[in-house]
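Dear colleague,

I am handing over the structure below, together with an account of what was found in it. Please read the account with the coordinates open beside you.

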Amino acid sequence: MASTTTKTDPVSEFTEKATANGKKAGAAYLDSYEKAVLTVADSYEKAAVATKIDWIETLASAQAGFAREVTKAYTAAARELTA
């Protein structure tokens, strides 16, 4: 009769490590992406304010706000899917 030992399967161990590392890398990518887009939106808005032209400030503020909201929604959904 064959003995049943509780050896860890190297393939399973590798797969678990690869999955964990993939999740970490994905989370780091999402954090970096979100931070970059929010920084660009802030800079865009600040540059528009510097023009001191009302309609440009208003337009840039709306565009920057939209970019922030879409980015936050995208990264939140992606985090939820990868969790």
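**Ile56 and the helix pair**

Ile56 lies in helix H2, and, as you go through what follows, please keep in mind that this is a predicted model. With a relative accessibility of 24%, Ile56 counts as partly exposed, because the buried class is reserved for values under 20%. When residues up to four places away in sequence are not counted, Ile56 touches Ala48 and Thr51. Ile56 can also be set against Glu45, from which it is eleven residues apart in sequence, while the two C-alpha atoms are 9.4 Å apart in space.

The helix that precedes the loop is H1, which runs over residues 10–51 and includes Glu34. H1 has 42 residues, and the distance from its first C-alpha to its last is 61 Å, which is close to the 62 Å expected at 1.5 Å a residue.

How do the two helices lie against each other, in angle and in distance between axes? H1 and H2 pack at an angle of about 175°, and their axes are 8 Å apart. H1 is therefore roughly antiparallel to H2, since angles over 145 degrees are placed in that class. The residues that form the contact of H1 with H2 comprise 14 nonpolar, six polar and nine charged ones.

On the H1 side, the buried residues are Leu30, Glu34, Ala41 and Ala48, and these buried residues of H1 pack against H2. Ala48, which is in that buried set, is also one of the residues touched by Ile56.

Glu34 deserves a separate paragraph. Its relative accessible area is 17%, so Glu34 is buried. Leaving aside neighbours within four places in sequence, Glu34 is in contact with Thr71, Lys72, Thr75 and Arg79. With Arg79 there is, in addition, a polar contact of 3.1 Å between the two side chains.

Between the helices, the loop that joins H1 to helix H2 (54–82) holds Lys52. Is Lys52 buried or exposed? Lys52 counts as exposed, because its relative accessibility is 70% and the exposed class takes values over 50%. Its backbone is also worth inspecting: just after H1, Lys52 takes a positive phi of about 60°, and Lys52 is a residue other than glycine.

With kind regards

Methods
Residues are numbered from 1 along each chain as its sequence is written. This is a predicted model: local features need pLDDT of at least 70, side-chain atom pairs count only at pLDDT 80 or more; totals for chains, interfaces and linings use all residues. Side-chain values use heavy atoms; hydrogens and water are left out. Helices (H or I, at least four residues) and strands (E, at least two) are DSSP runs, numbered from the N terminus. Buried means under 20% relative accessible area, exposed over 50%, partly exposed in between (1.4 Å probe, protein chains only). A polar contact is a pair of N or O atoms within 3.5 Å; within protein, one must be able to donate a hydrogen and the other to accept it, and residues adjacent in sequence count only if both atoms are side-chain atoms. Contact means heavy atoms within 4.5 Å. Axes are lines fitted to C-alpha atoms, for helices over the stretch in contact, and angles run from 0 to 180 degrees between N-to-C directions. Angles under 35 degrees count as roughly parallel, over 145 as roughly antiparallel, 65 to 115 as roughly perpendicular and the rest as oblique. Ala, Val, Leu, Ile, Met, Phe, Trp, Tyr, Cys and Pro count as nonpolar, Asp, Glu, Lys and Arg as charged, and the others, Gly among them, as polar. The expected span of a helix is 1.5 Å times one less than its number of residues.
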